[in-house]
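Work through the exercises below with the sequence and the model open. Try each task before you read its solution.

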Amino acid sequence: MEQAAIELWGIKKRFGELEVIKGIDLAARRGEVIALIGTSGSGKSTLLRCINLLEEPDDGEIIFDGEALDLKRGRDGTLHPANREQITRLRAGIGFVFQNFNLWPHMTVLENVIEAPVHVLGIPRKRAIAEAETLLDKVGLAEKQRTYPAFLSGGQQQRAAIARTLAMHPAVILLDEPTSALDPELVGEVLGVIRQLADEGRTMLIVTHEMRFARDVAHRVVFLDAGRIEEEGPPSRVFGNPHSERCRAFLATHL
Ligand code: ADP
Ligand code: MG
């Protein structure tokens, strides 16, 4: 079988007494777009954050770039130190787009985009700037390079955030409700950019409530319920004929 872009096996995460992710297996093929859907509190954000270790899972395995990262804890509750270097590679290779953009407010758009390539990847500043200019052009922000985030619309900020993510050449891009914070009239321009990334064959996991977008762009829909995958399949099948009662009920109120 062709190697997956990323595989998750038996991922678990709890916050105190609350088990939020209850053993999730999920693999994304290269170029696959997976839409993660589910009610508020079902664990979508936590799962996404576990994938690039913004949250450290309590158990399970992540296989990224042919390397297995064992997430079992030692007796002291910490990850094995030998995994630290691997974790750094994984974090650099998996991009994350946040609901609230999370641009650095004290930096211009261009500075936001070149920051990590220069300081994390060690790309020479001149080359990073040239790449950033290409990326900002691609997301329609060529004119906004020297602008600070506060002077951009939400849609422009999110497109800048996407350019910033792309500048790291991520093998996988995670997007957590990238259009939920936007005024309705700005949603389309951001979905347009994400659709373009899908067309380029990028591997993406996207948490979204935009069901029409999920239906049109995703190759697979995964419905999360109470920390478990309750249903998954091609959008046409999941939306057209959901097997699970909970998925059916969710779609009845969200489609
Ligand atoms: P979703 O993104 O599907 O709305 P989340 O992953 O944000 O769901 O949250 C799942 C559950 O985990 C919720 O009950 C939420 O309150 C809880 N949770 C999320 N993050 C934390 C945290 N850092 N500490 C404690 N509980 C959390
Ligand atoms: Mg969430």
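**Exercise 1. Which residues surround ligand 1, and which class does each count in?**

Step 1. List the shell, taking a residue as near if its C-beta atom, placed from the backbone, lies within 6 Å of the molecule. Ligand 1 is surrounded by Phe15, Leu18, Val20, Gly38, Ser40, Gly41, Ser42, Gly43, Lys44, Ser45 and Thr46.

Step 2. Assign elements. Strand S2 (18-28) and helix H1 (44-51) are the elements that give two or more residues to this shell. H1 gives the most, with three residues. Helices (H or I, at least four residues) and strands (E, at least two) are DSSP runs, numbered from the N terminus.

Step 3. Sort by class. The shell has three nonpolar, seven polar and one charged residues. Here Ala, Val, Leu, Ile, Met, Phe, Trp, Tyr, Cys and Pro count as nonpolar, Asp, Glu, Lys and Arg as charged, and the others, Gly among them, as polar.

A note on the source: this is a predicted model, where local features need pLDDT of at least 70, side-chain atom pairs count only at pLDDT 80 or more, and totals for chains, interfaces and linings use all residues. Residues are numbered from 1 along each chain as its sequence is written, while chains are lettered from A and ligands numbered from 1 in the order in which they are written.

**Exercise 2. Is H1 mostly covered or uncovered?**

Step 1. Apply the cut-offs. A residue is buried if 20 or more other C-beta atoms lie within 10 Å of its own, exposed if 12 or fewer, and partly exposed in between, with C-beta atoms placed from the backbone.

Step 2. Count. Six of the eight residues of H1 are buried, so the helix is mostly covered. They are Lys44, Thr46, Leu47, Leu48, Cys50 and Ile51. Lys44 and Thr46 also belong to the shell around ligand 1.

Step 3. Look past the helix end. Leu53, just after H1, takes a positive phi of about 65 degrees.

**Exercise 3. What is the strand order of the open sheet of six strands?**

Step 1. Find the pairs. Two strands pair if DSSP finds at least two bridges between them. The order is S6-S7-S8-S3-S9-S10, with mixed pairing.

Step 2. Find the edges. Strand S6 (94-97) and strand S10 (228-233) each have a single partner strand, so one side of each lacks a neighbour in the sheet.

Step 3. Follow S7 (residues 172-176). S6 and S7 pair in the parallel sense over four bridges, with Val172 as the bridge partner of Ile94. S7 and S8 (residues 203-207) run parallel, joined by five bridges. Leu174 stands opposite Leu205, and Asp176 stands opposite Val207.

Step 4. Check the faces of S7. In a regular strand the side chains alternate between the two faces of the sheet. Val172, Leu174 and Asp176 lie on one side, Ile173 and Leu175 on the other, and all are buried.

**Exercise 4. Where is Ile34, and what does Ile34 touch?**

Step 1. Place Ile34. The residue is in strand S3 (residues 33-37).

Step 2. Test burial. Ile34 is buried, because 21 other C-beta atoms lie within 10 Å.

Step 3. List contacts, meaning C-beta atoms, placed from the backbone, within 7 Å. Not counting residues up to four places away in sequence, Ile34 touches Ala28, Leu205, Ala218, Arg220 and Val222. Leu205 is the residue that Leu174 stands opposite.

Conventions: Contact = placed C-beta atoms within 7 Å.
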